[in-house]
Amino acid sequence: MAEKPGVTKHYLLASDFDQTLSFNDSGIGLSELLGTSGFRGKVEGLAQANLVQQGGELAYLLLHDPEYRCVRKEHLIAVGKTIRLKQNIRLLVQLLKDGIEGYSFEFYVISAAPEEVVQSALEGIVEPDHIFGTRFRFDDATGEIESIIQAPAGYGKVAVLDGLQARLQISHDRIIYVGDGSSDVHVMLHTNRRDGFTIAVSEAKNITQIAKRTILSEDAVSVLIPILEEIAEWDPARIRSLFESHGLLIQEWDKVRTDWLTFRGSLAGLDHGAFALAEATGD
C-alpha cells in the first residue's frame with residue numbers, strides 16, 4: 001500500500017558489535033584481562049573443526065576451556081569498559097531515532113559476544129533491552145558459567161532478528177542489518193532474500209560479496225550514508241549538510257568498485273595469476 005505524504009516510515013536497524021561498533025574482538029579483550037594467550041589459535045581450531053557456529057567460539061571457550069572457566073560475570077562487565085568503540089555511536093543512535101525527516105529507525109545490537117560485555121561497553125548509549133548477546137546461566141553459589149541460554153551466532157542471529165521483526169511488526173523490506181564478518185553471513189543472506197538492506201563495514205570478501213553496500217570508516221555514523229542514499233534517496237550535498245549540522249565535516253568520500261578475478265592456466269609464460277581491478281570515482 002502506498003503511504004501518505006508526511007507519514008513516517010519505520011525501519012528496524014540491527015548491528016553486530018565486535019569490529020562493527022568496536023575495533024577489536026571481545027575475546028581478545030577478555031584474554032588480555034585474564035593474561036592468557038593463544039585465543040586466535042583456539043578460535044581458528046574451532047572454526048576448522050566446525051564444532052560451533054561461526055562467532056560462537058568465545059562462548060564455547062568460556063563454557064569448556066580450562067583457561068576461561070575462571071571467568072565470572074564481573075570479568076565480562078570489566079572487559080566491556082575496556083572495549084575501544086568507534087566514534088559517534090551515540091550520535092548514530094540519536095539520528096536514527098528522530099534525526100532523519102520522514103524516517104525513524106529502531107536500533108538494536110545483535111552479537112555473539114557475551115551480553116554483559118556489550119551492555120557494559122554501550123552503557124548510556126544503547127538501552128540494555130536493545131542489546132542481544134550471548135546469554136549465560138551462572139551458578140548462584142560459585143558464580144561460574146553453568147550453561148548457555150542464548151547464543152546469537154551464525155543462524156542464531158536470524159532467530160533474534162525474526163523475533164524482533166515480529167514484536168515490532170515491521171515488514172521484511174524495512175529491515176537493515178550491519179555486520180563485518182563470517183558470523184553475519186546467514187543473517188545477511190536472510191535479510192537480502194526478503195528484500196531488506198545489508199551493509200558491510202569490512203573488506204572481507206565473504207561479506208562484501210553478500211552485502212548490498214560496503215562502507216569503510218572508523219566513525220560509526222558513516223553507516224548512515226548508504227541508508228540516506230539508497231533508502232531516503234538523498235543526494236551527496238544533503239548528506240554532507242546533515243553531518244555538518246552536527247559538527248562533522250566529511251573530508252574524504254571515495255566510492256570504489258572492486259572486481260576480484262582469479263585465472264588458472266598458462267598465458268604468455270604465466271601459469272596463473274590473481275588480479276584485483278578497481279574502478280574509483282569521487283562522490
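The following legends describe an overview and several close-up views of a predicted model.

**Figure 1. Overall content of the predicted protein chain.** The protein chain contains 11 helices and 9 strands. Of its 283 residues, 46% are buried. Contacts between residues at least 6 apart in sequence join residues at least 24 apart in 57% of cases. The chain exposes about 15,000 Å², of which carbon and sulfur atoms supply 49%.

**Figure 2. Close-up of helix H11, residues 236-245.** Ile239, Leu242 and Phe243 are the buried residues shown in this helix. Their directions span an arc of only 95° around the axis, and they therefore lie on the same side of H11. Ala237 and Ser245, on the other side of H11, are exposed. The packing partners of the buried residues are helix H5 (89-98) and helix H10 (224-230). Glycine 247 follows H11 and has a positive phi, near 80°.

**Figure 3. Surroundings of leucine 242 in helix H11.** Leucine 242 has a relative accessible area of 11% and is classed as buried because this value falls under 20%. Apart from neighbours within four places in sequence, leucine 242 is in contact with Leu95, Gly99, Leu228 and Trp234. The view can also include isoleucine 100, which is 142 residues from leucine 242 in sequence. The C-alpha atoms of leucine 242 and isoleucine 100 are 8.9 Å apart in space.

**Figure 4. Close-up of helix H4, residues 73-82.** In this helix the buried residues are Leu76, Val79 and Gly80. They cover an arc of only 105° around the axis, so they are placed on the same side of H4. Glu74 and Thr82 are exposed on the other side of H4. The elements covering the buried residues of H4 include three helices, H1 (26-34), H3 (57-64) and H6 (115-121). Strands E2 (103-114) and E3 (131-138) are also among the elements that cover these buried residues.

**Figure 5. The largest nonpolar core and a second, separate core.** In soluble globular proteins, nonpolar side chains tend to be buried together. The largest nonpolar core in this model has 61 residues, among which Leu62, Val109, Leu122, Ile176 and Leu224 touch the most other members. Helix H5 gives the most to this core, with 6 residues. A second core, separate from the largest one, has 19 residues, including Phe132, Ile175, Val187 and Ala211.

**Figure 6. Contacts of isoleucine 176.** Neighbours within four places in sequence are left aside in this view. The residues in contact with isoleucine 176 include Tyr11, Leu12, Leu13 and Ala14. Further contacts of isoleucine 176 are with Phe105, Phe197, Ile199, Ile227 and Ile231. Ile176 is also one of the residues that touch the most other members of the largest nonpolar core.

**Figure 7. Crossing of helices H2 and H3.** Two packed helices are described by the angle between their axes and the distance between the axes. The axes of H2 (residues 39-49) and H3 come within 10 Å and cross at roughly 105°. H2 is therefore roughly perpendicular to H3. On the H2 side, the contact is made by Phe39, Lys42, Val43, Leu46 and Ala47. Glu57, Leu58, Tyr60 and Leu61 make the contact on the H3 side. Helix H3 is also one of the elements that cover the buried residues of H4.

Note on methods: Residues numbered from 1 in each chain as written. Predicted model: local features only at pLDDT ≥ 70, side-chain atom pairs only at ≥ 80, totals over all residues. Heavy atoms only, no water. Buried < 20%, exposed > 50% of the residue type's maximum accessible area, 1.4 Å probe, protein only. Helix = DSSP H or I, 4+ residues; strand = E, 2+ residues; numbered from the N terminus. Arc of directions from axis to C-beta. Contact = heavy atoms within 4.5 Å. Areas by Shrake-Rupley, 256 points an atom, 1.4 Å probe, with all protein chains shown as cover. Core = buried A, V, L, I, M, F, W, Y, C linked by side-chain atoms within 4.5 Å. Axes fitted to C-alpha atoms, helices over the stretch in contact; angles between N-to-C directions. Parallel < 35°, antiparallel > 145°, perpendicular 65-115°, else oblique.
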